[in-house]
Amino acid sequence: MDKETAAALKAFTARYCDAWHEQKASWPQSEELYGVPSPCIITSSGDTVIWQPQPFTAEQNVKAIERAMDIVIQPAVHIFYTTQFAGDMCARFEAISLTLLQTWSEDDLLRVQENLIGHLVTQKRLKLSPTLFIATLDSEMDVISVCNLTGEVIQETLGTQKRQVLAESLTDFLNHLHPVV
């Protein structure tokens with residue numbers, strides 16, 4: 001399953017980069033990541049960075065979350081955050097528009113893990129089952145997450161029990177994403 005998740009993430013990233021190339025005659029660009037160091041940066045232009053995904057070079061796991069929360073994280077989540085360095089990517093899953101979160105650099109992995117720990121601490125305090133977010137939505141209160149108990153990908157409203165299953169696995173979810181440029 002781990003290899004399938006990595007392959008699905010790489011395949012979506014390739015589709016995303018190809019869509020950028022077809023529609024904009026460029027590799028993906030980001031204003032939000034301008035000035036933030038990363039091995040992904042090809043060049044900077046004005047206030048925009050042009051990037052390409054790069055192989056992940058740090059330790060390939062998110063064990064800091066496991067240690068901090070004393071839980072075992074779904075293997076697919078380890079793979080999701082440590083397969084590649086890349087910028088966040090806009091996508092569509094069925095009728096849902098989302099931004100797929102990615103790790104931009106080794107330093108960014110620390111930030112991501114801190115945010116995931118904060119998310120899990122809040123869930124524990126509210127007595128909610130643990131989830132790990134992988135994408136954001138336009139609504140600041142809704143995210144796409146992996147349920148740490150089942151491995152299902154869900155849409156959830158933060159701080160509530162409102163959850164809707166979108167896919168049986170992260171691999172299935174990634175395979176059904178469509179890039180949005």
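Let me start with helix H1, residues 2–24, which lies across strands E6, E7 and E12 and runs at about 110 degrees to E6; E7 here is the strand covering residues 96–100. A second helix, H3, spanning residues 75–82, packs on the sheet as well, where it touches E7, strand E8 (131–136) and strand E9 (142–147), and its direction makes about 35 degrees with that of E8. Please keep in mind throughout that this is a predicted model.

Now to the sheet itself, which is an open one of 7 strands, in the order E11-E10-E9-E8-E7-E6-E12, with antiparallel pairing. Its edge strands are E11, at 163–167, and E12, at 178–179, each of which pairs on one side only. At the E12 end, strand E6, residues 89–93, pairs with E12 in the antiparallel sense over 2 bridges, and His-178 in E12 is the bridge partner of Arg-92.

Coming back to H3, how many of its residues are buried? The count is 7 of the 8, so this helix is largely enclosed by the rest of the structure; the buried residues are Ala-76, Val-77, His-78, Ile-79, Phe-80, Tyr-81 and Thr-82.

Tyr-81 also appears in the largest nonpolar core, a group of 49 residues, where it is listed with Leu-98, Leu-100, Ile-134 and Phe-173 as having the most contacts inside that core. If we take Leu-100 and leave aside its neighbours within four places in sequence, its contacts include Leu-9 and Phe-12, Phe-80, Ile-134, and also Phe-173, Leu-174 and Leu-177.

Methods:
Residues numbered from 1 in each chain as written. Predicted model: local features only at pLDDT ≥ 70, side-chain atom pairs only at ≥ 80, totals over all residues. Heavy atoms only, no water. Pairing = 2+ DSSP bridges. Helix = DSSP H or I, 4+ residues; strand = E, 2+ residues; numbered from the N terminus. Contact = heavy atoms within 4.5 Å. Axes fitted to C-alpha atoms, helices over the stretch in contact; angles between N-to-C directions. Core = buried A, V, L, I, M, F, W, Y, C linked by side-chain atoms within 4.5 Å. Buried < 20%, exposed > 50% of the residue type's maximum accessible area, 1.4 Å probe, protein only.
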